[in-house]
Structures are given as structure tokens and as C-alpha cells.
Amino acid sequence: QTRRAAQGWQKTLKLTLDNVVRLDQMKPLIDQFYATFEHAELQINMEVFNGAWEAISQGRADIVIGATAAIPVGGDF
């Protein structure tokens, strides 16, 4: 784990889902993530409206799934 951290691997991946995304549809992907990256942690948060865009712009998310097409003006994405 120390070698992974030294080479830039993050221990935690912050995933933000818009509330339109169904968690039961995400379960196979989450299981596959843990099968591939057994030493990593997946932190999952739910957001509503433009909260997914805010999460990524504020650094609270590494990946966003289900963000709306209405990208907030002035965002650095």
C-alpha cells in the first residue's frame, strides 16, 4: 500500500451520483470496482439538482454520474 501511495494511487475514490441514478443499477459496477481494486475505498454521495456539478467543482467528487446537461456558468470542468 505504501508503494501504491508513493506512485500516486489514491486510497479513496469519491463518487457522486445524481439522485436520478438508481443504486440497484450501480451495484454490479461497485462490486466490480472492489473486485479490481480490493485495497481502495469507494466513497459514494448523492446530490440533487446541480449538486453533482458543485461537488466536482468544489473537489468533493472525483467522478460524477448522472449530472444534468445544465452545466453551471463559470464552472471549471
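**Exercise 1. Determine where Arg60 lies in the chain and how exposed Arg60 is.**

Solution. Arg60 is placed in the loop that runs between α3 (51-57) and β3 (63-65). The structure is a predicted model, and the values below are computed from it. The relative accessible area of Arg60 is 35%. Partly exposed covers the range between under 20%, which is buried, and over 50%, which is exposed. Arg60 is therefore partly exposed.

**Exercise 2. Identify the residues that Arg60 touches and the polar contacts of the Arg60 side chain.**

Solution. Begin with the neighbours, leaving aside residues up to four places away in sequence: Arg60 touches Lys14, Thr16, Asn45, Glu47, Gly51, Glu54 and Ala55. For one of these, Asn45, the separation is 15 residues in sequence, and the C-alpha atoms are 9.1 Å apart.

Next, consider the side chain. Arg60 forms a side-chain polar contact of 3.0 Å with Glu47. A polar contact of 3.0 Å also links the side chain of Arg60 to that of Gln58.

**Exercise 3. Describe the surroundings of Glu47, and decide whether Glu47 is buried or exposed.**

Solution. Glu47 belongs to strand β2 (residues 41-47). Its relative accessible area is 18%. Buried means under 20%, so Glu47 is buried. Beyond residues up to four places away in sequence, Glu47 touches Thr16, Leu17, Asp18, Asn19, Ala52, Ala55 and Arg60. The contact with Arg60 includes the side-chain polar contact of 3.0 Å treated above.

**Exercise 4. Set out the overall architecture of the protein chain.**

Solution. Count the elements: there are three helices and three strands. Their order along the sequence is α-β-α-β-α-β. Of the 77 residues in the chain, 21% are buried. Among contacts between residues at least 6 apart in sequence, 62% join residues at least 24 apart. The chain exposes about 5,700 Å², and 55% of this area comes from carbon and sulfur atoms.

**Exercise 5. Test the length of helix α2 against the expected span, and identify its buried residues.**

Solution. Helix α2 (residues 23-36) has 14 residues, and at 1.5 Å a residue it should span 20 Å. The expected span is 1.5 Å times one less than the number of residues. The end C-alpha atoms of α2 are 20 Å apart, so the two values agree.

The buried residues in α2 include Met26, Ile30 and Phe33. In an α-helix there are 3.6 residues a turn, so residues three or four places apart point the same way. The cover over the buried residues of α2 includes β1 (12-18), β2 and β3.

**Exercise 6. Characterise the backbone and exposure of Phe49.**

Solution. Phe49 is located in the loop between β2 and α3. Its phi is near 50 degrees, a positive value in a residue other than glycine. Most residues other than glycine have a negative phi. With a relative accessible area of 72%, Phe49 is exposed.

**Exercise 7. Characterise Ile44 and Ile65.**

Solution. Ile44 lies in strand β2 and, at 33% relative accessibility, counts as partly exposed. Together with Leu23 and Met46, Ile44 makes a nonpolar surface patch of about 250 Å².

Ile65 lies in strand β3 and is partly exposed, at 30% relative accessible area. Outside residues up to four places away in sequence, Ile65 touches Leu15, Thr16, Leu17, Asp18, Val21 and Met26. Ile65 and Val20 are 45 residues apart along the chain, with 9.5 Å between their C-alpha atoms.

Note on methods
Residues numbered from 1 in each chain as written. Predicted model: local features only at pLDDT ≥ 70, side-chain atom pairs only at ≥ 80, totals over all residues. Heavy atoms only, no water. Helix = DSSP H or I, 4+ residues; strand = E, 2+ residues; numbered from the N terminus. Buried < 20%, exposed > 50% of the residue type's maximum accessible area, 1.4 Å probe, protein only. Contact = heavy atoms within 4.5 Å. Polar contact = N/O pair within 3.5 Å; in protein donor to acceptor, adjacent residues only side chain to side chain. Areas by Shrake-Rupley, 256 points an atom, 1.4 Å probe, with all protein chains shown as cover. Patch = residues over 30% accessible without salt bridge, like charges linked within 9 Å, V, L, I, M, F, W, Y side chains within 5 Å. Salt bridge = Lys/Arg side-chain N within 4 Å of Asp/Glu carboxyl O.
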